[in-house]
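This report goes through one chain, beginning with its charged side chains and moving on to its helices. The sequence and structure come first.

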Amino acid sequence: LPSFPLSSKPHLPGLFAWLPLPTTTSTNNNDAPENKASVSPSSAIDFLTLCHSLKTTKRAGWVKRWVQNPESIADHMYRMGLMALISPDIPGVDRDKCVKMAIVHDIAEAIVGDITPSDGIPKLEKSRRER
C-alpha cells in the first residue's frame, strides 16, 4: 500500500485547514453563525488530489486477509457517512457532526497509510502519525 514518508507530506496548511469553520458575524441584527472559508485554489487542489488517492488505496486489513475485491478507504468513508446520515435520532447526538466525522475520519491514511493492529504500531504512535 502506498504511504508517504513523513518528510514528503504534501504542503497543506494543516490537513483540515481547508474546512470552513463557523464564525459569528453581525450583518443583520442576528448573530447566526455563517460558514466562511478562505482557501487558496492550489491548497484546495492539493487536498483533493491527496483525497483522490483514497479511491484506489485498498483497506489494508482486507488485503492482509486475502479478501477478494476489498473496499477502498474512500468506499469505507463513504459508507460510514451514509450510515451516520440514516441513523435514527438519538438525544444529545449531533447527526451532522457524525456525518462530517465519518467522511473525514480516514483522510490521514492518504499520507501515513492504512495502519492496522497487526502492524504492531503502538496507538500513541499511530495517533501521532495521523495528526
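## Salt bridges

Salt bridges link R59, E71 and R79 into a network. The model is a predicted one. E71 takes part in two of the pairs: the side chains of E71 and R59 meet with N and O 2.9 Å apart, and the closest N and O atoms of R79 and E71 are 2.0 Å apart.

What does the pair of E71 and R59 tie together? R59 lies in the loop between α1 (41–52) and α2 (60–64), and E71 lies in the loop between α2 and α3 (73–86), so the salt bridge joins parts that are twelve residues apart in sequence. E71 counts as buried because its relative accessibility, 13%, is under the 20% cut-off. R79, in contrast, is partly exposed, with a relative accessible area of 43%.

The count of salt bridges comes to six. Among them is the pair E125 and R128, whose closest N and O atoms are 2.8 Å apart. Both residues lie in helix α6 (residues 123–130), three residues apart, which is about one turn of the helix. An α-helix has 3.6 residues a turn, so residues three or four places apart point the same way. Both partners are partly exposed: E125 has a relative accessible area of 23%, and R128 has one of 39%.

Three of the pairs are listed here.

| Salt bridge | N to O distance |
|---|---|
| E71 and R59 | 2.9 Å |
| R79 and E71 | 2.0 Å |
| E125 and R128 | 2.8 Å |

## A buried acid without a salt bridge

E109 is found in helix α5 (residues 109–112). Is this residue buried or exposed? E109 is buried, yet has no salt bridge. The nearest side chain of opposite charge is K126, at 5.3 Å; this pair is not counted because a salt bridge needs nitrogen and oxygen within 4 Å. Apart from neighbours within four places in sequence, E109 is in contact with L54, I73, D114 and E130.

## Helix α3

I73, one of the contacts of E109, is also one of the buried residues of α3, together with H76, M77, G81 and A84. These buried residues cover an arc of only 135° around the axis, which means that they are on the same side of α3. They pack against α4 (95–104) and α5. The face turned away from the buried side of α3 carries the exposed residues Y78 and I86.

The length of α3 can be checked against its residue count. At 1.5 Å a residue, its 14 residues should span 20 Å, and the end C-alpha atoms are 20 Å apart, so the two values agree.

## The chain as a whole

The chain has six helices and two strands. Along the sequence they follow the pattern β-β-α-α-α-α-α-α, with both strands ahead of the helices. Of the 131 residues, 24% count as buried. The chain exposes about 9500 Å², and carbon and sulfur atoms supply 61% of that area.

What share of the contacts between residues at least 6 apart in sequence joins residues at least 24 apart? The share is 51%.

Conventions: Residues are numbered from 1 along each chain as its sequence is written. This is a predicted model: local features need pLDDT of at least 70, side-chain atom pairs count only at pLDDT 80 or more; totals for chains, interfaces and linings use all residues. Side-chain values use heavy atoms; hydrogens and water are left out. Helices (H or I, at least four residues) and strands (E, at least two) are DSSP runs, numbered from the N terminus. Buried means under 20% relative accessible area, exposed over 50%, partly exposed in between (1.4 Å probe, protein chains only). Contact means heavy atoms within 4.5 Å. Accessible areas come from the Shrake-Rupley method with a 1.4 Å probe; for residues, only the protein chains shown count as cover. Lys and Arg count as positive and Asp and Glu as negative; His and the chain ends are not counted. The expected span of a helix is 1.5 Å times one less than its number of residues. The arc is that of the directions from the helix axis to the C-beta atoms.
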